[in-house]
Each structure stands twice: as structure tokens, then as C-alpha cells.
Amino acid sequence: MWKWLHPYANPEVSYHLTNKLLPWFSGLAAVFLTIGLVWALLFAPADYQQGDSFRIFYVHVPAASLSMGIYFAMAIAAFSSLVWQLKLADASAAAIAPVGAAFTAIALITGAAWGKPMWGTWWIWDARLTSELILLFLYLGVIALHNAFEDKNLAGKAAGILTLVGVINIPIIKYSVDWWNTLHQGSTVSKLGKPSMSLDMLWPFIFSFIGFSFLVGVIICLRFRNEILARNSIRPWVRELVKNKAC
Amino acid sequence: MQFNSFSDFINMGGYGFYVWLSFGVSALILSLLLISSKRGHQQIINQIAKRKQREDKLREAKALRKKHNEKNEEAKKANAALNEVTE
């Protein structure tokens with residue numbers, strides 16, 4: 001049943017597949033982000049309470065939900081690497097971590113810039129903000145562990161264990177607005193059934209969310225192929241590739 | 001279109017600083033990450049090429065030394081033979 005997956009455990013096949021995917025992801029990211037963000041900045045109506053400051057939403061919410069989604073993807077990669085010893089899973093976990101850290105930082109910074117005019121403060125130590133900050137530290141820890149060992153297998157194991165322990169933080173972030181009293185508003189988009197948002201506000205969000213997701217794909221692909229090359233530098237196919245492309 | 005003029009658009013109903021701070025910082029972080037990830041590819045390729053060059057040089061030097069030693073060995077043997085004969 002899993003036979004079709006087998007060739008992708010080969011680094012050479014994965015490297016070439018990544019190269020093939022890259023232009024598609026890049027094109028789709030550019031199209032969706034342009035449409036989504038122009039729509040969000042120019043055409044979406046202003047919020048009746050928050051005015052135009054609400055436009056920060058179109059960066060803040062995709063960044064925040066992707067920061068959790070990316071962590072989940074990294075945890076799946078770490079799990080497969082620890083259980084089935086897939087070397088490529090290690091490479092992808094190492095490729096994913098910096099992207100997640102970047103989106104977590106964006107969620108925190110845009111959140112602060114939104115909090116200042118709306119709540120009157122850049123930062124408050126409440127459940128949602130603190131747990132998201134811990135997510136940033138988890139990402140930084142994982143990145144540090146990946147770089148702390150000369151032996152990449154050992155590094156992958158250490159970083160993988162930290163990743164799996166840190167998964168506990170994801171539901172805490174997600175449900176923090178329901179479990180504790182917090183300044184942060186509850187979710188408007190992902191309410192099951194119907195989102196509590198008017199459609200002319202929701203559509204630009206959907207476009208920018210898809211655009212950001214493809215951008216995540218682009219950056220992960222770029223980093224993943226770097227990881228593959230670095231980890232397979234003595235293989236003949238890499239040597240052949242290097243001979244043609246070195247300058 | 002929600003805005004009447006370009007300055008209205010920049011002003012964002014008084015929230016311009018916060019809105020453009022958010023969008024600006026996000027664009028900055030993402031483009032830095034994108035560029036560094038893209039550049040990494042050529043850097044790694046050059047690194048591997050350099051390492052290969054060093055290995056090739058090392059291998060060459062090894063072969064040369066071996067050749068040299070063999071020659072020395074032969075000379076020594078010839079010398080010894082000569083010594084035996086002259087004694």
C-alpha cells in the first residue's frame with residue numbers, strides 16, 4: 001500500500017521533485033498574495049469598531065494560524081524520523097523550523113502593533129500572547145539543537161524530542177482564548193459551521209491565507225533542497241550536480 | 001475602493017503607523033528569509049565543490065609521495081646491492 005511512497009525516501013528523487021514543485025508554488029503564492037493583500041488593504045470595508053486598524057488582521061491571523069500549522073507539520077516529520085529513522089524527515093524538520101519561527105515572530109509583532117491602538121498596550125502577559133511567545137522559544141530551541149551537533153542524526157534526534165514535547169503547547173495556544181480570561185478576542189474565522197464575519201471581509205482573508213500557505217511551501221522547498229545537498233555531499237549524484245553548477 | 005485619495009490610504013483612518021508597521025515588518029522578515037534560503041543553494045554547492053577540490057589535491061599529494069617513496073626505496077636497494085658487490 002505504501003509502495004508509491006518509497007521512491008520519495010530517496011534523496012535524489014526528492015531533490016528533483018522539490019525543484020519541480022518550486023516554480024508552481026512560487027507562482028501561486030505570488031498570485032494569491034497579490035490578490036489577497038491588495039483586496040485587504042484597498043477594497044475590504046473597515047471594521048465598524050476597529051476602523052482601518054483591522055486590516056492588520058489579514059497578516060496577523062494567517063501568520064498566527066500558520067505558526068501552529070507549521071509546528072504540527074514539523075512534529076509529524078520529527079515523529080517519522082524518530083520512529084522510522086527516515087533521514088529525509090530529519091532534513092524536512094530542519095528545513096521547516098526557521099519558517100515557523102519567522103511566522104511566529106510575525107504573529108507576535110503584528111499582534112503588538114494591533115494591540116497598541118486597540119487595547120492600549122503593546123504587550124500583556126496573558127494566556128494567548130504568552131503561549132505564542134513560548135512557541136517562538138520552542139522554534140528557536142529546535143533550530144539551535146539542529147545546529148548544535150556535527151552529527152546530523154544526533155542533532156535530528158535531539159531536536160525531534162524537543163519538538164514532540166513542545167506539541168503540548170499547540171492546543172494551549174489554540175484554546176487559550178476559551179479557557180482563560182484574556183484581552184485577546186475569540187476566533188472569528190475558524191468557528192465551525194459559519195464564521196462570524198461578513199463575506200466581503202472573509203474573501204480577502206481566504207486569498208491571503210492561501211497565498212501565505214504557498215509562500216510557506218516555497219521557503220520550505222528552498223530550505224529542504226539545501227538540507228538534502230548538505231547531508232548528501234559525498235554522494236555521486238551530488239558531486240555530479242556540483243560539478244555542473246559550482247562557480 | 002475604500003479610500004478617496006492616496007494620502008487617505010497611507011493614513012488608514014489614523015491607524016497608518018500601526019498598519020504599515022505590521023505589513024512592513026512582515027514583508028521584511030519574509031523577504032529576508034526567502035532570499036537567504038535561496039542564496040543558500042549556491043553557497044552549499046560552492047562549499048561542496050571546494051571540499052572536493054581539497055580532497056582531490058590531498059589525493060594527488062598522497063599519490064606523489066607514494067611514488068617518491070617507491071623511488072627512494074629502489075635507490076636504497078640499488079645502493080645496498082652495490083655495497084654488497086664492492087665489499
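Reader: How many residues does the contact take from chain B and how many from chain A?
Author: Keep in mind that this is a predicted model. Chain B's side of the contact divides into 17 nonpolar, eight polar and three charged residues. As for the count, the contact takes 28 residues from chain B and, from chain A, 38 residues.

Reader: What is chain A built from, helices or strands?
Author: Going along the sequence, the pattern reads α-α-α-α-α-α-α-α. There are zero strands in chain A, and its secondary structure comes to eight helices.

Reader: And what does chain B have in the way of helices and strands?
Author: One of its helices is α2 (16-86), which also gives residues to the largest nonpolar core. Strands number zero in chain B, and the helix count is two.

Reader: What radius of gyration does chain B have, set against a compact globule of 87 residues?
Author: Look at the box first: the C-alpha atoms of chain B fill roughly 110 × 20 × 15 Å along the principal axes. A compact globule of 87 residues would come out near 12 Å, but the radius of gyration of chain B is 35 Å.

Reader: What percentage of the residues in chain A is buried?
Author: Burial here takes 20 or more other C-beta atoms within 10 Å of a residue's own. In chain B, buried residues make up 11% of the 87 residues. For chain A, with 247 residues, the buried part is 41%.

Reader: Which domains does the assignment give for chain A, and how far apart do their C-alpha centres lie?
Author: Domain 1 comes in two pieces, 22-45 + 198-247, while domain 2 covers 69-192. Nine residues from domain 1 of chain A and 10 residues from domain 2 of chain A make the contact. On the domain 1 side, those residues divide into six nonpolar, no polar and three charged. The C-alpha centres of domain 1 and domain 2 of chain A are separated by 20 Å.

Reader: Which residues touch the most other members of the largest nonpolar core?
Author: Several elements of chain A give two or more residues to this core, among them α1 (11-43), α2 (57-84) and α3 (87-119), and α2 (16-86) of chain B does too. The largest share, 19 residues, comes from α3(A). Each of the two domains of chain A supplies at least three residues. Of the 73 residues in the core, the ones touching the most other members are A93(A) and I96(A).

Reader: Which residues does I96(A) touch, leaving out those up to four places away in sequence?
Author: I96(A) sits in the largest nonpolar core. Contact means C-beta atoms within 7 Å. On that basis, and skipping residues up to four places away in sequence, the partners of I96(A) are I70(A), A73(A), M74(A), A77(A) and I220(A).

Reader: Which residues of chain A does UniProt list as "transmembrane region"?
Author: The label comes from an unreviewed entry. One of the spans, residues 91-113, is 100% helix and 0% strand in the model, with its end C-alpha atoms 34 Å apart. Another, residues 161-181, is 81% helix and 0% strand, and its ends are 32 Å apart. UniProt's list for chain A is 21-44, 56-79, 91-113, 133-149, 161-181 and 201-222.

Reader: Where does the "transmembrane region" annotation fall in chain B?
Author: In the model, the end C-alpha atoms of that stretch are 30 Å apart, and the chain there is 95% helix and 0% strand. According to the unreviewed UniProt entry, the annotation in chain B covers residues 15-35.

Note on methods: Residues numbered from 1 in each chain as written. Chains lettered and ligands numbered in written order. Predicted model: local features only at pLDDT ≥ 70, side-chain atom pairs only at ≥ 80, totals over all residues. Helix = DSSP H or I, 4+ residues; strand = E, 2+ residues; numbered from the N terminus. Buried ≥ 20, exposed ≤ 12 C-beta atoms within 10 Å, placed from the backbone. UniProt positions renumbered as here; feature names shortened; annotations may be inferred. Domains from an automatic or database assignment. Contact = placed C-beta atoms within 7 Å. Nonpolar A, V, L, I, M, F, W, Y, C, P; charged D, E, K, R; others polar. Core = buried A, V, L, I, M, F, W, Y, C linked by C-beta atoms within 7 Å. Rg over C-alpha atoms; globule rule 2.2 N^0.38 Å.
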